[in-house]
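Visitor: Please take me through one part of this protein at close range. Then show me how the rest is put together.

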Amino acid sequence: MTLARKTISVIGLGYVGLPTAATFASRGIAVVGVDIREEAVARIRAGAAHFIEPDLDAVLRRVVASGHLRATTVPEPAEAFLIAVPTPIRHDRTADLSAVTAALASIAPVLKRGDLVVIESTCPVGTTAKAARQLRDLRPDLSFPDTAPEASDVLLAYSPERILPGQTLRELVDNPRTYGGLDHRSAVAARDLYAAFAAGPSRLTSAPEAELSKLVENAYRDVNCAFANELSLVCDAFGLDVWSVIGLANLHPRVDILSPGAGVGGHCIPVDPWFIHEALPDRTPLIRAAREVNDNKPLFVAGRIAEAASRFAAPVIAVLGLAYKPNVDDLRESPALRIARELAADETGRLMIVEPHVRHLPPDLAARDGVTLASLDEALAQADVVAVLVGHDAFRSIDRALLAGKAVVDAVGLTPGLEAAAAAA
Ligand SMILES: NC(=O)c1ccc[n+]([C@@H]2O[C@H](COP(=O)([O-])OP(=O)(O)OC[C@H]3O[C@@H](n4cnc5c(N)ncnc54)[C@H](O)[C@@H]3O)[C@@H](O)[C@H]2O)c1
């Protein structure tokens, strides 16, 4: 049975929720977007996103002006609710699901018979089943699929998001999608809902399988990055170029090693593997080790930079890149930012930070003496040590002649032989 869903409500209007809401609205569906941040809601009402995502503002302007997307801070009745709120880890690396719990509590009063609830946030295994228990406690007048499978009043499913920021609008439509129902009826209802725009392949499964598969995707990336990062330490000890060694190893038809870097950042890959480890610590030594290898890499790079700086009396260090990956302005969990903070805290030298994608340094760095945001030209002109931490395109064309007499620490292999070029100059 396909239920008509006249109004969809998206709870949490961030990197995932806002493009999703706008995309549903762009298909002529009435969407109520809900966020607890009043300033985000105000911006959306004015037809603009509160973060940078190519083409999103143009879609928002259209759907807000046409009335298909309406933003508010308090949930209203709808036929489907999509939950896309943050799911970070706490300092002790346990999952912080307080936003999911709060979002469920906020929709409970307006839920009615026939509604569908879909969780999109990345969550530990069992979260969707817990959501059913929470909603039942709050609404004992309604039945949910865990205790009334294939016959419940409210349908409940989990459908993880895989979008790549910067390509969100295209990937929302094209990516394969998994619909994990607490029962089959819920999975089918979720698939029918997203069929409004999702054009990629789809799979129906159970909620726990969908939950775990999302965590596994990011743990897979983390473990593979950790292997490359561990190799970078091995090559450093042997005095060998890790990119050259990996290039040779990848000539093998069944070997495909990733490139090492300054660590692993962003708000997904460094976080989600802990959701698996927290549940099964004794069975996941590899996942934990990978997290530790990747978390320790920035300290190793900072040590290399400090070592290079110690050769100069009053070192000036050009820090190239702060973002967590090339060509974005996103600093969340960025290993480069962590390295800059280490160097600043240890007063390793004067830091000239070059990050072409931001206009200001984070306040804690900006407040430090001897730490400035600089242009690439200024930093290269004055630096004794050049630390390449992010492979931004803007750094690809560095004139090797400018490196004469400087020490270079290249954590990302931006230019093959950059360190050697500086040493030889
Ligand atoms: N950003 C990505 O690329 C990406 C990709 C895949 C999965 N995810 C997952 O999707 C989820 C959301 O991520 P995001 O990047 O969109 O986060 P975000 O921080 O950009 O946005 C979340 C929004 O939810 C709002 N919010 C918090 N609690 C709320 C509540 N109780 N009611 C209403 N709104 C509330 C916040 O104010 C914020 O605007 C996370 O679980 C994340 O791991 C993100």
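Guide: Glu79 sits in the loop that links strand 3 (69-72) to strand 4 (80-83). This is a predicted model, so every value here is computed from predicted coordinates. Glu79 has a relative accessible area of 17%. The cut-off for buried is under 20%, so Glu79 counts as buried. What does its side chain reach? The partner is the backbone nitrogen of Lys6, at 3.2 Å.

Strand 3 (69-72) leads into that loop. Leu69 takes us to the largest nonpolar core, which has 36 residues. Leu18, Phe24 and Leu69 touch the most other members of this core. Helix 1 (residues 17-26) gives the largest share, 5 residues. Look at the contacts of Leu69, leaving out neighbours within four places in sequence. Among them are Leu18, Ala21 and Ala25. Val31, Gly33 and Ile44 also touch Leu69. Leu60, Val63 and Val64 complete the list.

Another core lies apart from the one around Leu69. This other core has 31 residues, including Val301, Ala336, Leu343 and Val358.

Now step back to the domains. The domain assignment gives domain 1 as 7-200 and domain 2 as 219-424. Their centres, taken over C-alpha atoms, are 35 Å apart. Domain 1 brings 12 residues to the contact, and domain 2 brings 11 residues. About 1,000 Å² is buried between domain 1 and domain 2. Carbon and sulfur atoms give 59% of that area.

What of the polar side of this interface? Between domain 1 and domain 2 there is 1 salt bridge. The count of residue pairs in polar contact between the two domains is 1, with both residues at pLDDT 80 or more. Elsewhere in this account, one salt bridge can be named by its residues. Arg93 pairs with Asp295, and their closest N and O atoms are 3.5 Å apart.

One more loop deserves a look. Thr284 lies between helix 10 (272-279) and helix 11 (285-309). Is Thr284 buried or exposed? Its relative accessibility is 7%, so Thr284 counts as buried. A polar atom of the Thr284 side chain lies 2.8 Å from the backbone oxygen of Leu280. Thr284 also touches Ile276 and His277, with residues up to four places away in sequence not counted.

Set the two loop residues side by side. The Glu79 side chain reaches a backbone nitrogen, that of Lys6. The Thr284 side chain has a polar atom 2.8 Å from a backbone oxygen, that of Leu280.

Note on methods
Residues are numbered from 1 along each chain as its sequence is written. This is a predicted model: local features need pLDDT of at least 70, side-chain atom pairs count only at pLDDT 80 or more; totals for chains, interfaces and linings use all residues. Side-chain values use heavy atoms; hydrogens and water are left out. A nonpolar core is a set of buried Ala, Val, Leu, Ile, Met, Phe, Trp, Tyr and Cys residues joined through side-chain atoms within 4.5 Å. Buried means under 20% relative accessible area, exposed over 50%, partly exposed in between (1.4 Å probe, protein chains only). Helices (H or I, at least four residues) and strands (E, at least two) are DSSP runs, numbered from the N terminus. Contact means heavy atoms within 4.5 Å. Domain bounds come from an automatic or database domain assignment. Buried area is the accessible area (1.4 Å probe) that two parts lose on being put together, summed over both. A salt bridge is a side-chain nitrogen of Lys or Arg within 4 Å of a carboxyl oxygen of Asp or Glu. A polar contact is a pair of N or O atoms within 3.5 Å; within protein, one must be able to donate a hydrogen and the other to accept it, and residues adjacent in sequence count only if both atoms are side-chain atoms.
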